[in-house]
Amino acid sequence: MPRPTKEAQMSDSPIVFPHHKLDVYTVAVEFAVAVRALIERMPRGHATLADQLSRSSISTVTNTAEGANRLGTGEKRQKFSIARGEVGEAAACIELAAALGLVPQPEARAALVLAGRIAAMLTRLIQRFGG
């Protein structure tokens, strides 16, 4: 699955926002795309898990962007912390889906690697803003 580049993301937008400058935002978008592919492979009858996974991956992206665009350090830290919690929730959903045999192990592992990268980057941002 091709990774969207920062240039591709920003070239489609007439305005460059602060979140476009964060590597974690780019990886979070890549993660949301990978999650979407996983959800599409899930069999019918697991809508609750698929919905939870979808919402948490989307929240990872949106809270990361919101944190980058906030002005106060406390606000930034709070939003990055929420995003970190959301990516952890998404990872748990992927682990559960894999354990239940709902998604292929290699794709689940690849998504979990992205989730781990996001969590690490968000942890550094939280620490940077006094967390």
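**Helix α4 and an aromatic pair**

Just after α4, G101 adopts a positive phi of about 75°. The model is predicted. The helix that precedes this glycine is described below, followed by its aromatic contact and the overall fold.

Helix α4 covers residues 73-99. Its end C-alpha atoms lie 39 Å apart. At 1.5 Å a residue, the 27 residues of α4 should span 39 Å, so the expected and modelled lengths agree. Buried positions occur along the helix. K76, K79, F80, A83, E86 and V87 are among them. The list continues with A90, A91, C93, I94, A97 and A98. Two lysines, K76 and K79, and one glutamate, E86, thus appear beside alanines in the buried set. The cover over these α4 residues includes α2 (23-41), α3 (47-69) and α5.

One of the buried α4 residues, F80, also takes part in an aromatic contact. The protein has one aromatic pair. F80 and F129 form this pair, with 6.1 Å from centre to centre and 35° between the planes. The geometry is tilted, because the angle falls neither under 30 degrees, as for stacked rings, nor over 60, as for edge-to-face rings. The pair links distant parts of the chain. F80 sits in α4, whereas F129 belongs to the segment after α5 (105-128). The two residues are 49 apart in sequence.

Both rings belong to buried residues. F80 has a relative accessible area of 2%. F129 has a relative accessible area of 17%. The cut-off for burial is under 20%, so F129 counts as buried.

At the level of the whole chain, the secondary structure consists of five helices and zero strands. Along the sequence the pattern reads α-α-α-α-α. The C-alpha trace spans about 45 × 30 × 20 Å along its principal axes. The radius of gyration is 15 Å. A compact globule of 131 residues would have a value near 14 Å, so the protein agrees with that expectation.

Burial and contacts complete the description. Of the 131 residues, 41% are buried. Contacts between residues at least 6 apart in sequence were also classed by separation. Among these, 69% join residues at least 24 apart. The exposed area of the protein is about 7,100 Å². Carbon and sulfur atoms supply 56% of that area.

Methods
Residues numbered from 1 in each chain as written. Predicted model: local features only at pLDDT ≥ 70, side-chain atom pairs only at ≥ 80, totals over all residues. Heavy atoms only, no water. Phe/Tyr/Trp six-rings, centres within 6.5 Å; stacked < 30°, edge-to-face > 60°. Helix = DSSP H or I, 4+ residues; strand = E, 2+ residues; numbered from the N terminus. Buried < 20%, exposed > 50% of the residue type's maximum accessible area, 1.4 Å probe, protein only. Expected span 1.5 Å × (residues − 1). Contact = heavy atoms within 4.5 Å. Rg over C-alpha atoms; globule rule 2.2 N^0.38 Å. Areas by Shrake-Rupley, 256 points an atom, 1.4 Å probe, with all protein chains shown as cover.
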